[in-house]
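Here is a short report on one protein model. Look at the sequence and the fold, then read on.

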Amino acid sequence: MTAAIRPADAPLFGVQPGDISVSFEFFPPKTEKMETQLWEAITQLAPLSPSFVSVTYGAGGSTRERTHATVSRIIRETDLVPAAHLTCVAASKAQIDEIVDRYWEAGVRHIVALRGDPPPADGGRFVPHPEGYASAADLVAGIKARHGFDISVAAYPEIHPDATSAEADLDNLKRKLDAGASRAITQFFFSTDAYFRFLDKALAAGITAPILPGIMPVTSFSAIRRMSGNTEIPAWLEAMFEGLDDRPGPRALVAAVAAADLCKRLYDGGVRDFHFYTLNRAEQAYAICQLLGLRPKEIG
């Protein structure tokens, strides 16, 4: 894909056609205050008619019940399509089967299937449960054998930190999709070149499923550094956030501008589907959608 050349006097966004599809990720709340914040975010973003909203699953299954409760409430109280995260970590196949059955009975039809981050006790190394699934590809196959879920999986434009090579990482993605997944969602990134190169390599490897870009507005630059893994953090991005550690207001504005610019460059390259890591806050994701021309649907 090749980005169009913008005239020198043209605004960065101007009037956008709004022909995009979006999805949002949330995490299950730990406290009553965090639950209020989560539902405020869901309420603000729901009118943008996301294709789905996903709810994360803590390391080692630590948020299992809270994830289930959040997903169940989304089904009961909204018209949104929830996608429940599920991992292989610290669970047998029988335990995962039970979770999958509970989701199906609750009306969930979309699962984000992940290998999962190992708990700290394992020293950062993934150790499969002796009676569990050894990989995300195996998990996808197991879920599909159980029920006819729509399944999303993870992709890594700049290679998973545990992968032995870019080729091995891409082969792992293909195995997940061949096992029955419908789409992939990328880890956050800041280089459009990295994303588009990854799409080219995926297509060359025979991968034709959609690969949605995962967009992470920078709410905390130090947190982004901790979470980055193999993700390149450009010098220009670091410069944009210099001196803003203790200035949350300006930092939020800069983060929205940086993420919106990334999305616009992806849009100019042909991307129409975006997945936002919201961190249970609506403002930045909503602002970016507004800049890309997406408007809330009128009710009534």
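D150 in β5 is the bridge partner of H110. This is a predicted model. H110 itself lies in β4, where H110 is also the bridge partner of A83. So what holds these strands side by side? Three bridges join β4 to strand β5, residues 150-155, and the two run parallel. On another side, five bridges join strand β3 to strand β4, residues 110-114, again in the parallel sense. One more pair in this ladder is H85 with V112 in β4. Strand β4 is mostly covered: four of its five residues are buried.

Now turn to strand β3, residues 82-87. How many of its six residues are buried? Six of the six are, and the strand is mostly covered. In a regular strand, the side chains alternate between the two faces of the sheet. Strand β3 shows two sets. P82, A84 and L86 point one way from β3. A83, H85 and T87 point the other way. Both sets are buried.

Strand β3 also pairs with strand β2, residues 53-55. The pairing is parallel and has three bridges. V53 stands opposite P82 in β3. S54 stands opposite A83 in β3. A83 also has H110 as its bridge partner in β4.

How does the chain get from β3 to β4? Helix α3, residues 93-106, joins them in a right-handed β-α-β unit.

Step back to the whole sheet. Which order do the strands follow? The order is β1-β2-β3-β4-β5-β6-β7-β8. These eight strands make a closed barrel with parallel pairing. Neighbouring strands of this sheet are turned by 30 degrees against each other on average, direction ignored.

Next come some residues outside the strands. The table gives the place and relative accessible area of three loop residues.

| Residue | Loop | Relative accessible area |
|---|---|---|
| S49 | between α1 (32-45) and β2 | 35%, partly exposed |
| I207 | between α6 (192-204) and β7 (211-215) | 6%, buried |
| N280 | between β8 (273-277) and α10 (283-291) | 2%, buried |

Why does I207 count as buried? Its relative accessible area is 6%, and buried means under 20%. N280, at 2%, counts as buried too. S49 has 35%, and partly exposed lies between the 20% and 50% cut-offs.

Two of these loop residues have a backbone feature to check. Phi of S49 is near 50 degrees. Phi of N280 is near 60 degrees. Each is a positive value in a residue other than glycine.

I207 also allows a comparison of sequence and space. I207 and L237 are 30 residues apart in sequence. From C-alpha to C-alpha, they are 31 Å apart in space.

Last, look at the surface. Which residues make the nonpolar patch of about 280 Å²? They are W236, M240 and V257. M240 is found in helix α8, residues 235-240. Is M240 buried or partly exposed? M240 is partly exposed, at 31% relative accessibility.

Methods: Residues are numbered from 1 along each chain as its sequence is written. This is a predicted model: local features need pLDDT of at least 70, side-chain atom pairs count only at pLDDT 80 or more; totals for chains, interfaces and linings use all residues. Side-chain values use heavy atoms; hydrogens and water are left out. Patches are made of residues with over 30% relative accessible area and no salt bridge: like charges are joined within 9 Å, nonpolar side chains (Val, Leu, Ile, Met, Phe, Trp, Tyr) within 5 Å. Accessible areas come from the Shrake-Rupley method with a 1.4 Å probe; for residues, only the protein chains shown count as cover. A salt bridge is a side-chain nitrogen of Lys or Arg within 4 Å of a carboxyl oxygen of Asp or Glu. Buried means under 20% relative accessible area, exposed over 50%, partly exposed in between (1.4 Å probe, protein chains only). Two strands pair if DSSP finds at least two bridges between them. A crossover is right-handed if, with the strands pointing away from the viewer, the path from the first strand over the helix to the second runs clockwise. Axes are lines fitted to C-alpha atoms, for helices over the stretch in contact, and angles run from 0 to 180 degrees between N-to-C directions.
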